[in-house]
Amino acid sequence: MNSAGSVRVSELAVCLSLFEVGSTTLFLMGGEAKQDAWLAMLIGAFAGLLLLIIHLFIHHLEPELDLFLLLKRYMGKILGTVVCFSFIGYFAYEASRNLRDLSEVTTLTLLNKTPMWLISVISLLVVANTVRYGYRVLFLICMILFPVIVFGYVLISILIPATGLFHTELSLPVLENGWGNIFKAAIPEIISFPFGQVVLFLVFYPYARKGKNLNKVVIIAYIATAVSLTFINQLIIFVMGPDIAMFSTLPLLQTVQLIDMTEVLERMDALFTLLLFLGLGIKIAFFFQGAVIGLERITGASYRRWILPVGFTVYGLSFLSPNFTEHLQVGRGITLIYSSPIFQVFLPLILLIVILIKKRMKTNK
């Protein structure tokens with residue numbers, strides 16, 4: 001795991017983009033803002049961009065150190081280790097939430113008579129096997145899947161207007177209820193999910209080749225992904241209207257199911273389900289990999305030794321909620337509002353301040 005500089009910057013940017021897409025299309029983001037969900041998405045994306053710039057600045061200050069090594073060096077052995085373990089727990093928990101999403105979607109759309117525990121086991125085995133070969137293989141898989149995922153979402157974005165499902169008037173009037181609802185929808189929920197989750201890439205930035213415009217490429221990839229997600233999210237409003245979309249369990253899937261070009265294209269929901277599985281699988285794998293790398297950094301033991309313990313932890317955490325409704329409520333309540341901002345905003349800011357103070361003290365000496 002010490003092959004620093006072995007990943008192209010373009011590969012890192014593609015992985016960040018796919019990670020951002022992940023499970024985002026599973027939900028209607030900014031539903032509380034109704035037809036102005038696109039404004040809530042853009043505000044959340046802008047705030048997420050500021051966080052990304054902070055993360056990149058931290059990396060710029062210490063380009064050879066990943067998140068866990070930074071915490072150990074600048075927060076001291078004891079406090080640094082405690083914060084490292086908290087980040088590992090956060091990554092494992094986020095992996096478990098995505099695993100539950102994947103299992104629930106599989107049960108709802110394809111395998112409604114297959115036990116959820118079995119779907120989770122099979123999914124986790126595939127992810128764990130990918131993680132076992134290290135981050136390099138995970139990055140290569142993302143590069144292979146990237147054209148497939150881009151093609152799928154572009155096709156969906158073209159077919160919805162082409163089949164007459166597109167009604168722009170459903171996004172009017174703009175700012176009907178003012179900016180209050182928009183900011184309420186964006187902060188902290190949309191910042192926490194999906195945009196703030198790029199804090200995970202503080203683990204992976206040191207693996208990128210140096211002197212290759214990392215900041216520029218990553219920021220461009222982030223902005224392109226954010227704009228694409230905003231448009232795809234607004235497609236749901238254009239088709240279903242804000243009131244119906246808010247109460248839909250899988251809004252984009254239901255939107256895609258309406259696409260019907262007789263004798264040419266039918267059952268587009270199968271394509272979207274495949275895209276969703278790929279996105280969820282990638283997100284689980286990155287969070288899983290982040291947790292495993294963290295344990296390697298803290299203990300010094302080979303990361304492969306931690307794959308089984310992390311796998312069991314992720315599997316167990318995925319069943320914390322007894323049903324999908326409660327799983328979603330916990331995610332939108334406790335996770336997005338309370339725990340995520342600690343790891344995405346609060347701790348990175350403290351880390352940045354500590355690094356700057358210690359570097360200044362060292363310079364003065």
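**Entry 1: the largest cavity.** I began with helix H8, which spans residues 214-240 and, with four residues, gives the most to the lining of the largest cavity. I note here that the model I am reading is a predicted one. I then looked up which residues line that cavity, and found Thr24, Thr25, Phe27, Met29, Met41, Leu229, Ile232, Asn233, Ile236 and Leu252. Sorting this lining by character, I get seven nonpolar residues, three polar ones and no charged ones. The space inside the largest cavity comes to about 60 Å³.

**Entry 2: the second largest cavity.** I asked how many cavities of 30 Å³ or more the structure holds, and the search returned two. The second largest has a volume of about 30 Å³, and its lining is made up of Ala33, Lys34, Gln35, Asp36, Glu176, Asn177, Gly178, Asn181 and Ile182. I divided the residues of this lining into two nonpolar, four polar and three charged.

**Entry 3: a patch on the surface.** I next turned to the outside of the model, where Leu172, Val174, Leu175, Trp179, Phe183 and Ile187 make a nonpolar surface patch of about 540 Å². From this patch I picked Trp179, and I located this residue in helix H7, which covers residues 178-192. Is Trp179 buried or exposed? I record Trp179 as partly exposed, because its relative accessibility is 43%, and a value has to be under 20% for buried or over 50% for exposed.

Note on methods: Residues numbered from 1 in each chain as written. Predicted model: local features only at pLDDT ≥ 70, side-chain atom pairs only at ≥ 80, totals over all residues. Heavy atoms only, no water. Patch = residues over 30% accessible without salt bridge, like charges linked within 9 Å, V, L, I, M, F, W, Y side chains within 5 Å. Areas by Shrake-Rupley, 256 points an atom, 1.4 Å probe, with all protein chains shown as cover. Salt bridge = Lys/Arg side-chain N within 4 Å of Asp/Glu carboxyl O. Helix = DSSP H or I, 4+ residues; strand = E, 2+ residues; numbered from the N terminus. Buried < 20%, exposed > 50% of the residue type's maximum accessible area, 1.4 Å probe, protein only. 1 Å grid on protein atoms, 1.4 Å probe; cavity = no way out; pocket = protein on both sides within 12 Å on 5 of 7 lines; lining within 4 Å. Points joined across faces, edges and corners; volume = space filled by probe spheres on them. Nonpolar A, V, L, I, M, F, W, Y, C, P; charged D, E, K, R; others polar.
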